[in-house]
Amino acid sequence: MIGRVVKIFSDFYYVETELGVVEAKIKSVLKKQKEDIYTGDYVELEQFDENSMQAFISCPVNRINLINKPKVANVSQVIIVSALKAPDLQYEQLNRYIAHCEYHKIQPILCFNKEDIDEFDDLKAEIIDMYIPLGYEVVFTSALEKTGLEELKPFLKDNTSILCGQSGVGKSSLINALLNSSKLKTLPVSDKTQKGVHTTRHCELIDIDKNSFIVDTPGFSHLKFDFLLPNEIEKLFVEFSCHELNCKFKDCLHIGEIGCGAQDIIESMSTSRYDSYKKFVSEANEYKEMISKKSIKDEGRVKYNQNKIMTKISHKKRNISRKTNNQNIHKEI
């Protein structure tokens, strides 16, 4: 039987099937193979007991993608939820989420919640001018007054959408408003710290209709680009990736280098976007220095060739090419 993992709690996996939700555990062979199962995964179930609605997960099936943080599989889009106020909007954090979506090649939708708190005409105009020309969809909502929901619903149709954002921005409240229920627990922003309070403890897949799902996730803000090299950061900013850069040096980072061909792009970027870019490059530089000192940069297990995932063979295990082999023979002779 095939089902989809809707929630993981401790060692138990709750799998939605045609017969209902099944409480499952992973088979020992999967643990030995270190094969992890995540919320959103389609899985094959064995040893199903119809009376207790319990079974064992034997293997994942047809995983399309996997987001690293929070770890959710088979996501078609990410809805980045930010608050216009309480907590205050942080452009750097928003740009981090967007950059991670670009890294995973998943389309982000920018949702700005808590429109009801005060008038934000200038801030809304600034957001629209900054992100819509970059090709990002922008929606303004109020979970409290249930405004903007009709503009958000078309994006959710026939998609598995993951809601991400800092604690307190109103992700759970937004889902409750969309479902017209109080299923998910919510708490107000802390008066003392003016920060959100964690209410969601795990990722949960919630069905809106037959083919539309939304994933509520714990709030998080600790996203760092300490896994990429500095020259890879520009690929995460559409301002750079949409243009052919004629820089003097191939490894140009577009931060004041002589001969940089991206000056026109930089001048057209908003200050917050370019500041975020420089911050992410700085984090990537720290990673580069670390692996340079330790010389332990691991090769990826897979590589992408013409949109196909292929196993990547280690240099140590890779066969010597015929040309190199012939050159070695000539040297010996």
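The buried residues of helix 4 (buried means under 20% relative accessible area, with a 1.4 Å probe and protein chains only) are covered by a set of elements that includes strand 8 (77-83), strand 10 (137-140), strand 11 (160-164), helix 5, strand 12 (204-209) and strand 13 (212-216). Helices (H or I, at least four residues) and strands (E, at least two) are DSSP runs, numbered from the N terminus. Keep in mind that this is a predicted model, where local features need pLDDT of at least 70 and side-chain atom pairs count only at pLDDT 80 or more, while totals for chains, interfaces and linings use all residues. Residues are numbered from 1 along each chain as its sequence is written, and side-chain values use heavy atoms, leaving out hydrogens and water.

**Helix 4 and its neighbour**

Which residues of helix 4 are buried? They are L149, L152 and L156. Looking down the axis of helix 4, the buried residues fall within an arc of 65° (taken from the directions from the helix axis to the C-beta atoms), so they line one face of the helix. E150 and P154 are exposed (over 50% relative accessible area) and sit on the face turned away from that buried side.

Helix 4 (residues 149-156) and helix 5 (residues 171-179) have axes that come within 11 Å and cross at roughly 90°. That makes helix 4 roughly perpendicular to helix 5 (65 to 115 degrees counts as such). In the contact (heavy atoms within 4.5 Å), L149, L152, K153 and L156 of helix 4 meet L174, A177 and L178 of helix 5. By class, that contact has six nonpolar, no polar and one charged residues. Right after helix 4 comes D158, with a positive phi near 60°.

**V139, a buried spot in strand 10**

V139 lies in strand 10 and is buried, with a relative accessible area of 4%. Leaving aside residues up to four places away in sequence, V139 touches I109, L110, C111, F112, G148, E151, L152 and F155.

**Around strand 5**

Now for the strand pairings (two strands pair if DSSP finds at least two bridges between them):

| Pair | Bridges | Direction | Opposite F56 |
|---|---|---|---|
| Strand 3 (residues 20-26) and strand 5 (residues 54-61) | four | parallel | K25 |
| Strand 4 (residues 42-49) and strand 5 | six | antiparallel | E46 |

F56 in strand 5 thus has K25 standing opposite and E46 standing opposite. The hairpin of strand 4 and strand 5 has four residues between the strands, and M53 there takes a positive phi near 55°.

Methods:
Axes fitted to C-alpha atoms, helices over the stretch in contact; angles between N-to-C directions. Parallel < 35°, antiparallel > 145°, perpendicular 65-115°, else oblique. Nonpolar A, V, L, I, M, F, W, Y, C, P; charged D, E, K, R; others polar.
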